[in-house]
Amino acid sequence: MRRVYLDNGATSYPKAPGVGEAMCHFITDVGCNIGRGGYQVAYDAAALVLETREQLNTLLHGPGSRNVIFTAGATASLNLLLKGLLRPGDRVLTTTMEHNAVLRPLTQLQKTGVEVVFLPCGADGALDLEECQARLSQGAAALVMSHASNVCGTIQPIGAVGTLCRRYGVPFLVDGAQTVGMVPVDMADMHIDALAFPGHKGLLGPQGIGGLILTGALARRIEPLLAGGTGSVSQSLEMPDFLPDKLEAGTLNLPGIYGLHAALSYLEREGATLRVHARKVGLHLWARLKELEYDGFRVTGTDDLSRRTGVVSVDFLKGDNGEMAFRLEQEYGIATRCGLHCAPTAHQTIGTYPQGTVRFSTGPFTTFEDMDYVQDAVWRLLTER
Ligand SMILES: Cc1ncc(COP(=O)(O)O)c(C=O)c1O
């Protein structure tokens with residue numbers, strides 16, 4: 001049977017060429033730690049890690065390669081950021097479209113006395129900018145939000161929100177899980193103070209590696225979530241006060257960084273072309289599924305095509321979404337993800353709670369022919385019932 005992978009919103013597949021080889025090379029031929037060993041191979045590995053920080057800083061227009069912190073992924077970065085920054089009595093703004101990677105740390109913090117204020121979003125998932133401005137003008141310790149929805153693919157007006165945050169002096173923290181690598185992100189231009197991202201989605205790298213880029217001013221206010229060895233100022237029982245060491249205790253995921261380095265090198269060569277293709281193929285799928293809309297089948301998210309990622313979520317209003325996803329896989333070989341996608345309030349916002357949606361998420365290696373095949377499969381499911 002034909003196989004069509006449409007779960008790139010969860011993790012991209014295939015990975016960039018060279019990722020597997022680079023990880024294998026580290027395990028088989030390098031294998032050492034960095035910042036601890038005084039021998040050539042350790043210095044070479046440290047140079048590659050530094051180069052990877054530089055690649056990320058350049059791609060995302062960050063404040064400097066030392067401000068790139070390696071973590072296990074977007075979830076780890078967001079926990080580090082939110083729990084390191086927010087204190088009892090602080091007020092933090094967020095939106096109703098967030099992933100549990102933001103919602104759950106905030107819920108934990110709420111129990112310690114942090115006030116969490118939810119900014120409203122429309123049924124298309126887009127943030128209400130007027131309400132956002134009104135809340136920012138009352139002051140906040142931070143605003144944290146995703147660049148694009150993992151549920152319906154709506155891209156938020158991050159540049160406009162960043163400008164407002166700057167105006168009101170509120171640190172702007174962005175969850176770039178659904179955009180980094182595939183949608184341009186410019187931290188400087190968008191006034192982003194901290195950007196959390198995974199290596200395994202749009203960057204086409206392996207699972208288990210991701211990062212956080214943050215300004216020096218914000219980093220100075222963060223209490224490290226993890227404390228431990230850094231290979232630097234070992235005589236001190238305190239964490240170093242400089243980046244990246246302040247926020248990177250313990251041995252780094254070096255196989256992951258080697259893989260990510262290979263992915264970033266590939267994106268440096270091919271990224272522009274891949275991003276154009278990913279965008280076109282995502283919109284092609286959206287248009288194909290939109291053609292099938294009727295009162296028993298709805299495509300969610302914005303109709304403003306300039307504000308969509310390659311995520312297209314649909315609701316089989318006259319059927320069971322779980323069953324539809326199962327049949328798509330069993331009968332047509334189409335891999336999707338159904339349910340609430342770790343974002344219950346987002347589904348409440350767009351009107352698909354509690355049934356959830358069937359999410360098709362395209363990637364840079366998705367083909368136009370496969371999207372036509374998906375349309376045909378969905379049409380069959382809708383008409384055979
Ligand atoms: C919007 C959003 N934020 C955060 C995450 C968490 O990313 P990770 O699982 O890589 O930590 C995801 C993953 O699905 C996501 O879609």
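**Reading the labels on a predicted model**

Reader: Where is Pro354 found?

Author: Pro354 lies in the loop between α10 (344-350) and β13 (357-361). The model is a predicted one.

Reader: What makes the peptide bond from Tyr353 to Pro354 stand out?

Author: Its omega is near 5 degrees, and the bond is cis. Most peptide bonds are trans.

Reader: Which peptide bond has omega near 0 degrees?

Author: The one from Leu243 to Pro244, which is also cis. Pro244 sits in the loop between α7 (216-221) and α8 (254-290).

Reader: What is notable about the phi of His191?

Author: Phi is near 55 degrees there, a positive value, and the residue is not a glycine. Most residues other than glycine have a negative phi. His191 belongs to the loop between β6 (172-175) and β7 (194-198).

Reader: How do you know whether His191 is buried, partly exposed or exposed?

Author: Set its value against the cut-offs. Buried means under 20% relative accessible area, and exposed means over 50%. His191 has 23%, so it counts as partly exposed.

Reader: And His341, buried or exposed?

Author: His341 has a positive phi too, about 55 degrees, although it is not a glycine. It is in the loop between β12 (337-339) and α10. Its relative accessibility is 1%. The limit for buried is under 20%. His341 therefore counts as buried.

Reader: Why are α3 and α4 called roughly parallel?

Author: Look at the angle. The axes of α3 (residues 74-85) and α4 (residues 100-110) cross at roughly 30 degrees. Angles under 35 degrees count as roughly parallel. So α3 and α4 earn that name. Their axes come within 9 Å, and the crossing is right-handed.

Reader: Which residues meet there?

Author: α3 brings Thr75, Leu78, Asn79, Leu82 and Lys83. α4 brings Ala101, Val102, Pro105, Leu106, Gln108 and Leu109. By class, this contact of α3 with α4 has 7 nonpolar, 3 polar and 1 charged residues. Lys counts as charged, and Leu as nonpolar.

Reader: What makes α5 and α6 parallel or antiparallel?

Author: Use the angle again. The axes of α5 (residues 129-136) and α6 (residues 158-168) cross at roughly 20 degrees. The limit for roughly parallel is under 35 degrees. That makes α5 roughly parallel to α6. The axes come within 10 Å, and α5 passes α6 in a right-handed crossing.

Reader: What makes up the contact of α5 with α6?

Author: From α5 come Leu129, Cys132, Gln133 and Leu136. From α6 come Ala160, Val161, Leu164, Cys165, Arg167 and Tyr168. The classes are 8 nonpolar, 1 polar and 1 charged. Cys and Tyr are counted as nonpolar.

Reader: Now the whole chain. How many helices and strands does it have?

Author: The chain has 11 helices and 13 strands.

Reader: How do you know how compact the chain is?

Author: Its radius of gyration is 21 Å, and the globule rule gives 21 Å for 385 residues. The two are close, so the chain is as compact as a globular protein of that length. Along its principal axes, the C-alpha trace spans about 70 × 55 × 35 Å.

Reader: How much of the chain counts as buried?

Author: Of the 385 residues, 56% do. The cut-off is under 20% relative accessible area.

Reader: How many contacts join residues at least 24 apart?

Author: Take contacts between residues at least 6 apart in sequence; 69% of these join residues at least 24 apart.

How values were computed: Residues are numbered from 1 along each chain as its sequence is written. This is a predicted model: local features need pLDDT of at least 70, side-chain atom pairs count only at pLDDT 80 or more; totals for chains, interfaces and linings use all residues. Side-chain values use heavy atoms; hydrogens and water are left out. Axes are lines fitted to C-alpha atoms, for helices over the stretch in contact, and angles run from 0 to 180 degrees between N-to-C directions. Helices (H or I, at least four residues) and strands (E, at least two) are DSSP runs, numbered from the N terminus. Angles under 35 degrees count as roughly parallel, over 145 as roughly antiparallel, 65 to 115 as roughly perpendicular and the rest as oblique. A crossing is left-handed if the near helix is turned anticlockwise from the far one by less than a right angle, and right-handed if clockwise. Contact means heavy atoms within 4.5 Å. The radius of gyration is taken over C-alpha atoms; the globule rule is 2.2 Å times the number of residues to the power 0.38. Buried means under 20% relative accessible area, exposed over 50%, partly exposed in between (1.4 Å probe, protein chains only).
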